[in-house]
Amino acid sequence: MRINLFNFSKYRDFNFILLSSSRELIYFIFPIFFIIALLVWSIVKERNDQQIQADFNSKVLGITHNIEDRIDSYTNILESGIGFFYGSENVSRDEWREFIKVLDIAKNYPGMQGIGYAQMLSPAQVPIIERKMRDEGFSSFIVKPKGEREQYSAILFLEPLDIRNKEAIGYDMFSESTRREAMEKARDTGKASMSGRVTLVQEIDEDVQAGMLIYLPLYQKKAKIDTVEERRKALLGYVYSPYRMDNLMEHIVHDNALVGFDIYDTEKKTPEHLLYSSLNTQSYPSLYRSNKKLKINGRIWYINFYSTPEYEKLHSMVTPLMTTSGVLFVIMLLLMIITFLIKNRIVILEQSQTLNKLTQALEQSPNSTVITDINGVIEYVNDAFVSTTGYSKDEAFGKPPSILKSGKTADETYRTMWKTITAGKEWQGEFINKRKDGSEYIEFIKILPVFASDGSISNYMAVKEDITEKKQTEERIYYLANFDTLTGLANRYQLMERLGYMISSAKRNNEQLAVIFLDLDQFKNINDTLGHSVGDLLLTKISERIISVLREIDTVARLGGDEFMLILPDTNAVGASNVSQKVLSIIEQPIQIRNNELIVSASIGIAIYPDDGRDKETLIKNADAAMYKAKQFGRNQYAFFTKEMQQQSVRNLQLTNELHYAIERKQFYLVYQPQINIQNNTLIGAEALLRWKHPELGEISPAEFIPLAEDSGMILAIGEWVLRQAIMQTKIWNEQNDILITMAVNISAVQFRLPNLPKMVIEVLEEIGLDPSYLELELTEGIAMQNPEYAIHTISKLDEYGIKMAIDDFGTGYSSLSYLKKFKISKLKIDQGFIRDICTDPDDRAIVSATISLAKSLGLKTIAEGVETEEQLNYIKMQQCDMVQGYFFSKPLRVEEFQAYIFSRSS
């Protein structure tokens, strides 16, 4: 019993000792755990702060990249618009509308209000553009705001043309300093330029947003733009797009709602410089902030980022505090075994929550996700996979991903993929896959190996994005920017790319290269008589024929209108000659289109690298010059470039550039040649003749600059200036003198084709106050017979207003008597070529005599020009010609000289 008692006593004492030791241990451990708690809390808090700051910085970087990517993609669209202009001879409003419609701006480019074109105008061009726009249906069109300025940049195209964008048509963006600063920067650099904050003209309701615009300069196609001065001279206008900042940023803010940001266009963070704010007010003292400078298209945006209350609540410090305190408290109070079990349970719970979050993220992801085992058997797919492929989850489980294989992805791609992922590395690329219904789509795929705890690969996970629509949009934009939409041939932009490459190749291999410029002869007549639809079909047939005689390595491009360019690598002059003969031969073969048998011909100019030029621009320019020489030789033939053509081409380019400024710099002036009644020797009228005196080049012949003005389109502004000056001078002379004269003014072919010509002439007469009976418009026989029905209509309209018409250079064309009777004209003007040898050439005498007889039988007057001798005068007087002009009576006179001539005639 003692033993038992002793034993019991020992056992009891042992428990007491153990209990006492435990209490002492607890008192000893408590301060240690308190120190540990502080240490753990400090570490957890610091790590948590770093993670929040890293997350905030990541979101800031993501927003910045989103803004940059969006602006870059929108700028690329503007570049495709520049390519569209360079690929067409003359972009019409309908063509521009179709081009923008294909881009589907509302769906693909949120925030972009449209894409437009603003044309640079001089003061002399403004009234012409206003009339042209009114004729196109903009009945109240004016360049706004009103007022005289040195230059205008009026918006002519803006699509889609909704109620907002209609407000912008006609707005002169050069009139506003912020827009003008950006436009001048784009003009001088040749690159995209973004404006500062503006209020868009489109803001017509109460929801007024801050706006900005992006500009790209459009230069003349053949102009040099190496220097700032050259770029300023070559500027035609701008392709641009306006943006409402709230709409532009809407999707970026939606995806990053926990981070707020303000955008300013200067370092001054004032309301007038605020472009955008994601919150209406920002008075909350944010814990996390960041300032960024973002340089986009030559402008710096200053962006202030700040955390929102929602963001800070999501990243609260309460969770790490409670976790730390709870864990330490449990460790201090519970036994080691219980603490170990609880800690393990917490870890398992956290892993379960993490796994649950990962599963939810995968299921809700817009991208397809597939997980396979190491043999490529599918173990998991998410809902996005089902939506994209059409396969249910049950149909996919246990199958290989090859169920999506279309057969159009290269086998080498699959081999590279497996080689990469089995080595434990990430792989990404594109597959052309096939859905369950057989339709094909393109996916961007990123595949990552999943590693087990021992480091071995246990699974593969693929994240896939359907990029079919994106690819199709890129292909459409690429096609529109690089190929002619009518013929499918390369356009000017693509041609320049290929020509640059072929020149580099020829230089490396010491080879020659032929550049052939082809222009169809009299193609305009087909458009005018049979319509543009027939003309388009003809261009398509011609393109097919040209391709049929070329090699696969050759390039043929349509530059616009009826102009084509051929590039023949490794070809000398003999080879270029042979190809040109084949092309001319196949083009002139009859073509059947809509019951019309058409026969056309072409003129070809040839330039050879390196003899005729070592760069793209020089070769094209010289081939163009040779083509015009072929036309001068009679068309339907080819000509090689010569040095003389180069000199003439340089002068033509110089004169064309100077023509743009001749009116505003007052370099043009008029001279007047008297017209005499041959029967009573009285002064009855004068012909206004245009002259150009350049301060450096001197007097320039009309025979040289008038064709250049017609080709460049400047003849419209020049012709209206001549008409206005001649009418004004006629009014002055008729009011100051007893002799009343009729003023004859020449009308060019380009002017005569304008539908509003009669209206424009009568408006000028009414504005100046001259009776229409004192104005006579002269039209050459060739112009009148190009489109007789149109000529009859226009001449009749002028006749209704009381304006007389005369046929100039009669006898040099091919008039039809049936049409001549229908022309409401008052006079035939005998060409000076028949007058010059009238005393020695019986054929000329017969033509003059027949012309005068014909005129009398039709009730018309006749006037002979170029009379220089008394013998010539006596003969035409004997033939009963009515009027005469020429050096025998007077040379063309300046205003003061003609006034003196009137005075001498009166006295």
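Reader: In what order do the four strands of the open sheet lie?
Author: This is a predicted model. Four strands build the open sheet, and their pairing is antiparallel. Read across, the order is β7-β6-β9-β8.

Reader: Which strands are the edge strands of that sheet?
Author: An edge strand here pairs on one side only. Two strands fit that description. They are β7 (274-277) and β8 (289-296).

Reader: By how many degrees are neighbouring strands of this sheet turned against each other on average?
Author: The value ignores strand direction. It is an average over neighbouring strands of the sheet. That average is 20°.

Reader: How many bridges join strand β6 to strand β9?
Author: Strand β6 covers residues 259-264, and strand β9 covers residues 299-307. The two run antiparallel. One bridge pairs Gly260 with Tyr306 of β9. The number of bridges joining β6 to β9 is six.

Reader: Is α17 parallel, perpendicular or oblique to α18?
Author: Helix α17 (residues 523-530) and helix α18 (residues 532-548) have axes that come within 7 Å. The axes cross at roughly 140°. Roughly antiparallel would need an angle over 145, and roughly perpendicular takes in 65 to 115. The crossing therefore makes α17, relative to α18, oblique.

Reader: Which class has no residues in the contact of α17 with α18?
Author: From α17 come Phe523, Ile526, Asn527 and Leu530. From α18 come His532, Val534, Gly535, Leu538 and Leu539. By class, six are nonpolar and three are polar. The class left with none is charged.

Reader: What is the volume of the largest cavity?
Author: Searching the whole structure for cavities of 30 Å³ or more turns up one. Its lining includes Ile155, Tyr171, Arg179, Gln202 and Pro242. By class, that lining has nine nonpolar, one polar and one charged residues. The largest cavity has a volume of about 50 Å³.

Reader: Which element gives the largest share of the lining of the second largest pocket?
Author: The second largest pocket holds about 1,500 Å³ of space. Among the elements giving two or more residues to its lining are α1 (2-86), β4 (211-219), α16 (492-509) and α21 (643-662). The largest share is seven residues, and it comes from α1.

Reader: How many charged residues are in the lining of the second largest pocket?
Author: The lining has 45 residues, and the closest to the pocket centre are Tyr86, Gln220, Lys221, Ala223 and Ile225. By class, 17 lining residues are nonpolar and eleven are polar. The charged count is 17.

Technical notes: Residues numbered from 1 in each chain as written. Predicted model: local features only at pLDDT ≥ 70, side-chain atom pairs only at ≥ 80, totals over all residues. Heavy atoms only, no water. Axes fitted to C-alpha atoms, helices over the stretch in contact; angles between N-to-C directions. Parallel < 35°, antiparallel > 145°, perpendicular 65-115°, else oblique. Contact = heavy atoms within 4.5 Å. Nonpolar A, V, L, I, M, F, W, Y, C, P; charged D, E, K, R; others polar. Pairing = 2+ DSSP bridges. 1 Å grid on protein atoms, 1.4 Å probe; cavity = no way out; pocket = protein on both sides within 12 Å on 5 of 7 lines; lining within 4 Å. Points joined across faces, edges and corners; volume = space filled by probe spheres on them.
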